[in-house]
Amino acid sequence: MSRKYRDPFDLFDELFREIEEEFERFEREFMRLGSEEGAKVYGPYVYGFRITVGPDGKPKIEEFGNVRNFKGKPIVSEEREPLVDVIEKNDEVRVIAEVPGVNKDQIKVKISGNKLIIQAQGEDRKYYKEVELPTEVDDKSAKATYNNGVLQVILKKKQQQEAGTEIKVE
């Protein structure tokens, strides 16, 4: 059967098989690195992904955790990248991040230009994420709450000024 007429679930099966093979390759590499004398060992290994459909109709794969692929090799970081949602609605932007295992006083959130930077460091967990904001925001309006491992930051959009000045015609 041609690829054009295949069942869509076959495509997901193929994707999951490829991901499973990648994890097996990562695991073999971790075992090799961990067996080297004097090697720094991190843990636990956290890796996840989600698949969403963007506004253009194309699937978007977002990865999170502390395992990165760098030039075909796994790199393990002490910092985890949290799963983040950015929701733009009416006159506000909401950024929701999953950062379990830390206290609210261990979380730092700041705005730098068009980015929201989230840092958190608990006793056994570190998080870091730079979130690209979809529009300009009023950083003085920012409010952040943290409850049950979920950080929510609400930002008001900057009011758009009307371009130009109206000229009276005589």
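Trainee: Leaving aside its neighbours within four places in sequence, which residues is I107 in contact with?
Mentor: Good place to start, and remember that this is a predicted model. I107 is one of the residues that touch the most other members of the largest nonpolar core. Beyond its sequence neighbours, its contacts are V99, V102, Q119, A120, Y146 and L151.

Trainee: Which elements give two or more residues to the largest nonpolar core?
Mentor: That core has 18 residues, and V95, I107, L116, I118, L133 and L151 touch the most other members. In general, nonpolar side chains tend to be buried together in soluble globular proteins. The elements giving two or more residues here are β5 (92–98), β7 (115–121), β8 (126–132), β9 (137–147) and β10 (150–157).

Trainee: Which strands are the edge strands of the open sheet?
Mentor: Six strands form this sheet, with mixed pairing, in the order β1-β2-β3-β8-β7-β6. Neighbouring strands are turned by 40° against each other on average, direction ignored. An edge strand pairs on one side only, and that description fits β1 (47–53) and β6 (107–112).

Trainee: What is the bridge partner of R80 in β8?
Mentor: Let's look at how β3 meets β8 in the sheet order. Strand β3 covers residues 73–81 and is joined to β8 by two bridges, the two strands running parallel. In β8, the partner of R80 is Y127.

Trainee: Why is the pair of F16 and F49 tilted?
Mentor: There are two aromatic pairs by the rule used here, and this one links F16 in helix α1 (residues 8–35) with F49 in strand β1, 33 residues apart. The ring centres are 6.4 Å apart. Stacked needs planes under 30 degrees apart and edge-to-face needs over 60. The pair is therefore tilted because its planes lie at 45°.

Trainee: And what kind of pair do the rings of F23 and Y47 form?
Mentor: This pair also links helix α1, which holds F23, with strand β1, which holds Y47, across 24 residues. The ring centres are 5.1 Å apart and the planes are at 75°. Planes over 60 degrees apart meet the cut-off, so the pair is edge-to-face.

Trainee: Is F23 buried, exposed or partly exposed, and which value shows that?
Mentor: Buried would mean under 20% relative accessible area, and exposed over 50%. Its ring partner Y47 counts as partly exposed at 26%. F23 is likewise partly exposed, with a relative accessible area of 35%.

Notes
Residues numbered from 1 in each chain as written. Predicted model: local features only at pLDDT ≥ 70, side-chain atom pairs only at ≥ 80, totals over all residues. Heavy atoms only, no water. Core = buried A, V, L, I, M, F, W, Y, C linked by side-chain atoms within 4.5 Å. Buried < 20%, exposed > 50% of the residue type's maximum accessible area, 1.4 Å probe, protein only. Helix = DSSP H or I, 4+ residues; strand = E, 2+ residues; numbered from the N terminus. Contact = heavy atoms within 4.5 Å. Pairing = 2+ DSSP bridges. Axes fitted to C-alpha atoms, helices over the stretch in contact; angles between N-to-C directions. Phe/Tyr/Trp six-rings, centres within 6.5 Å; stacked < 30°, edge-to-face > 60°.
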